[in-house]
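User: I am new to this structure and would like a close look at a single part of it. Please take one helix and explain carefully how it sits, and what follows it.

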Amino acid sequence: MLKKYGILSIIGIILLIALIFVTASPLSFAVPNIQETPSISAITKPSKDKPDVYYFTEMNNVIPTNDKPEYDIFTVQERKERQLTTNLPSIEPYYGKKTIYLTFDDGPDPENTPLILAILQENNIKATFFLVGTEVNKYPELVKQIYTAGHAIGNHTYNHIYRELYQSPVTYIEQLQHNDELIKNILTVRPRISRAPGGTAGHFTTEYWRRLKTEGYIEVGWNISSGDASNAKADAILENIISQTNKNTFLWSHAILLMHDGRGHGETVRALPSIINFYKEQGFEFRVINTATPPAW
Ligand SMILES: [Zn+2]
């Protein structure tokens with residue numbers, strides 16, 4: 001009898017130990033705690049393979065003077081929800097002796113964008129790409145390539161259709177924010193710079209400018225047009241650029257050059273090496289558009 005109880009208590013102890021073991025094992029922690037909300041740092045951490053760029057974070061008003069691309073870890077909506085400022089920091093504009101900003105609109109494009117990225121890499125220079133949302137949707141890998149190579153990305157609206165974009169300041173901002181979300185889904189960050197398709201002249205009223213400012217976008221124009229939108233050949237594109245540069249001394253200190261990497265712009269790709277050579281020979285510094293970039297004019 002005593003022996004029987006002895007065996008039973010040993011079995012009991014073994015079961016108890018087994019129970020403690022099971023409860024303490026990691027399996028018991030696999031049940032998600034639904035009350036736990038992710039911390040800000042968990043949401044906002046930029047991706048591991050982050051390039052050499054600057055991020056707007058909670059503290060928006062501390063920006064080092066630099067020549068790096070700038071990205072925001074929050075969308076405008078997320079800033080508002082967290083009661084963070086959408087204001088841009090005031091920063092001393094950068095005027096170098098000779099500065100050139102190469103900008104490419106309407107991409108990414110599977111033919112032209114990779115070729116342009118390769119030319120920029122060969123020349124060890126950075127440029128700025130204003131992306132259209134519909135193309136961002138189609139070619140997310142190209143968006144990543146532009147970003148990880150350390151170039152600047154700008155917002156060129158969701159669909160680039162003038163009659164939809166320029167219905168009102170509200171529809172314009174909606175298009176920017178739609179594109180922001182697409183870009184942020186790919187990169188975990190979004191641009192603060194934007195460029196109005198076709199330019200702001202004849203499209204923007206003062207209300208557009210006011211809304212852009214309160215939402216914290218930097219609208220970026222240009223002061224040299226490569227003329228690559230009108231089926232110009234590579235030689236003519238280079239000629240356009242040189243002749244405009246020679247006409248205005250301001251463009252020798254502060255040049256923002258408009259080009260396109262969208263579909264059908266193979267001639268821009270062909271002209272690019274000589275365009276870069278021209279500016280290199282003249283001793284220009286190549287920079288990306290950021291908060292320190294002065295207005296085009
Ligand atoms: Zn465009």
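Analyst: What follows looks at helix α8 and then at the strand that comes after it.

This is a predicted model, in which local features need pLDDT of at least 70 and side-chain atom pairs count only at pLDDT 80 or more, while totals for chains, interfaces and linings use all residues. Residues are numbered from 1 along each chain as its sequence is written.

Helices (H or I, at least four residues) and strands (E, at least two) are DSSP runs, numbered from the N terminus. Helix α8 covers residues 169-187, and its 19 residues should span 27 Å at 1.5 Å a residue, which agrees with the 27 Å between its end C-alpha atoms; the expected span is 1.5 Å times one less than the number of residues.

A residue counts as buried if 20 or more other C-beta atoms lie within 10 Å of its own, exposed if 12 or fewer, and partly exposed in between, with C-beta atoms placed from the backbone. By that rule Tyr172, Gln175, Leu176, Asn179, Asp180, Leu182, Ile183 and Leu187 of α8 are buried. Seen down the helix axis, the buried residues of α8 fall within an arc of 165°, so they line one face of the helix; the arc is that of the directions from the axis to the C-beta atoms. On the other side of α8, Val170 and Thr171 are exposed.

Just after α8, Thr188 takes a positive phi of about 70°. Strand β6 (190-191) is an edge strand, pairing on one side only, in an open sheet of three strands with the order β1-β2-β6 and mixed pairing. Two strands pair if DSSP finds at least two bridges between them, and two bridges join β6 to β2 (residues 70-72), the two running antiparallel. Within this pairing, Pro191 in β6 is the bridge partner of Tyr71.
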